[in-house]
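Let's take a walk through this protein, starting with the overall picture and then stopping at a few places along the chain. Keep the viewer open as you read.

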Amino acid sequence: MDYELYFYNNILSRELENLQPSLKNHFRNCNNYSLIDWLNNKSYSRLWLSNSVNVPPFALLSKDECHIDNLSVIFPHYSEYIIQKNYSSGGKGTYHLTSNNENIILNQLSSSEPYLASPYIANAIAACCHVIIGSKNVIVFPIGFQILSEHMDTMTYLGTTYQKPNHLRITDLQIKEFILKISHRLACNGYRGICGYDFLIQEKQLILIEINPRYMASSYLLNYVLAKENLPSLFDLNDMAFSNDMKLGIYQKQIYNLNIPYV
């Protein structure tokens with residue numbers, strides 16, 4: 001019996017291949033594992049893209065270096081900080097460090113791994129975006145705005161709203177150019193298919209936070225909208241990116257202009 005296997009996240013395909021190598025013959029639409037590791041590494045990807053787009057000031061530090069006195073020297077003019085595991089998602093492993101919770105957070109960190117430290121950027125809007133990346137064509141989806149919660153001193157992802165805030169001071173075109181700049185760099189390095197970006201909007205500045213080389217928590221909502229508009233699903237578009245990305249160009253404008261009145 002012939003069959004095909006598709007994955008929400010390429011990390012799962014590697015784990016399955018390690019268990020049963022013969023299954024790899026049935027895998028479809030998978031990116032190179034080394035490339036996925038590179039993009040999932042928050043420090044590497046942020047450093048790599050820092051010469052193309054804005055990223056937050058950052059430093060890679062040990063647990064013993066993640067205390068307020070040291071951070072205030074590295075990042076002067078700030079009093080609060082974000083501490084992240086190098087590999088994490090959904091807000092798990094992301095901490096909002098202040099003078100009030102310093103000891104609590106330091107007790108949760110490990111001495112055997114580095115952490116990505118950045119200043120906490122106040123009054124910024126947390127945004128995200130899906131893209132489908134082909135060799136020449138990129139589909140950019142409407143921007144989502146993240147709903148975050150600080151519970152037990154961690155930054156936790158609760159969901160996404162596609163209802164644009166009234167006080168945005170940056171244009172859709174500026175955001176699209178920012179997203180395309182990142183996407184074309186990924187395409188040039190061989191990345192194909194679904195991907196997502198988390199970024200901040202601070203006044204008229206866009207700041208890349210991280211790359212998510214996979215489907216995301218809000219992907220099902222985009223599939224719902226695509227079905228209502230009689231457009232190909234994310235899975236079909238992802239397949240086009242690997243097999244015939246010229247087809248993606250047919251849908252670029254219509255998908256970018258989708259109305260998504262949902263949370």
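Before we start, a word on names: helices (H or I, at least four residues) and strands (E, at least two) are DSSP runs, numbered from the N terminus. With that in hand, Asn51 can be placed in the loop between α3 and β1. Keep in mind that what you're looking at is a predicted model.

First, the whole chain. Its secondary structure comes to nine helices and 10 strands. The C-alpha trace spans about 60 × 50 × 30 Å along its principal axes. Is that what you'd expect of a compact globule? What radius of gyration would a compact globule with 263 residues have? It would be near 18 Å, and the chain has 19 Å, so the two agree. Of the 263 residues, 51% count as buried. The fold also brings together distant parts of the sequence: among contacts between residues at least 6 apart in sequence, 63% join residues at least 24 apart.

Now the outside. The accessible surface comes to about 13500 Å², and 50% of that belongs to carbon and sulfur atoms. As for charge, the chain has 20 positive and 22 negative side chains, with the centres of the two sets 8 Å apart.

On to the inside. In soluble globular proteins, nonpolar side chains tend to be buried together. Here the largest nonpolar core has 32 residues, and the members that touch the most others are Val131, Ile179, Leu186, Tyr197, Phe199 and Ile201. Several elements each supply at least two residues of this core: α2 (33-40), α3 (42-49), β5 (125-133), β6 (138-140), α6 (172-188), β9 (193-202) and β10 (205-212). The largest share, six residues, comes from α6. To get a feel for the packing, click on Ile179: leaving aside neighbours within four places in sequence, Ile179 is in contact with Cys129, Val131, Val140, Ile143 and Tyr197. Apart from this core lies another one, of 19 residues, with Ile132, Ile194, Met240 and Leu248 among them.

Next, have a look at α3, which is mostly covered, with six of its eight residues buried. Those buried residues are Lys42, Ser43, Ser45, Arg46, Trp48 and Leu49. What covers them includes α2, β1 (59-61), β2 (81-85), β4, α6 and β10. Step past the helix and you're back at Asn51, in the loop between α3 and β1. Is Asn51 buried or exposed? A residue counts as exposed when its relative accessible area is over 50%, and Asn51 has 63%, so Asn51 is exposed. Asn51 and Met246 are 195 residues apart in sequence and 29 Å apart in space, C-alpha to C-alpha.

Now swing over to α7 (219-228). The buried residues here are Ser219, Leu221, Leu222, Asn223, Val225 and Leu226, and they pack against β5, α8 and α9 (248-256). Just after α7, Asn230 takes a positive phi of about 55 degrees. Why stop there? Most residues other than glycine have a negative phi. Asn230 is found in the loop between α7 and α8 (234-243), and at 72% relative accessibility Asn230 counts as exposed.

Asn123 is another one to check on your backbone plot: Asn123 has a positive phi of about 60 degrees although it is not a glycine. Asn123 lies in the loop between β4 (115-119) and β5, and is exposed, with a relative accessible area of 76%.

From that loop, move across to Gln202, in strand β9. At 25% relative accessibility, Gln202 counts as partly exposed. Not counting residues up to four places away in sequence, Gln202 touches Ile121, Ala122, Ala124 and Ile207. Gln202 and Ile125 are 77 residues apart in sequence and 6.5 Å apart in space, C-alpha to C-alpha.

The last stop is Gly249, in helix α9. Gly249 counts as partly exposed, at 32% relative accessibility. Gly249 and Glu80 are 169 residues apart in sequence and 44 Å apart in space, C-alpha to C-alpha.

Terms used:
Residues are numbered from 1 along each chain as its sequence is written. This is a predicted model: local features need pLDDT of at least 70, side-chain atom pairs count only at pLDDT 80 or more; totals for chains, interfaces and linings use all residues. Side-chain values use heavy atoms; hydrogens and water are left out. The radius of gyration is taken over C-alpha atoms; the globule rule is 2.2 Å times the number of residues to the power 0.38. Buried means under 20% relative accessible area, exposed over 50%, partly exposed in between (1.4 Å probe, protein chains only). Contact means heavy atoms within 4.5 Å. Accessible areas come from the Shrake-Rupley method with a 1.4 Å probe; for residues, only the protein chains shown count as cover. Lys and Arg count as positive and Asp and Glu as negative; His and the chain ends are not counted. The place of a charge is taken as NZ of Lys, CZ of Arg, CG of Asp or CD of Glu. A nonpolar core is a set of buried Ala, Val, Leu, Ile, Met, Phe, Trp, Tyr and Cys residues joined through side-chain atoms within 4.5 Å.
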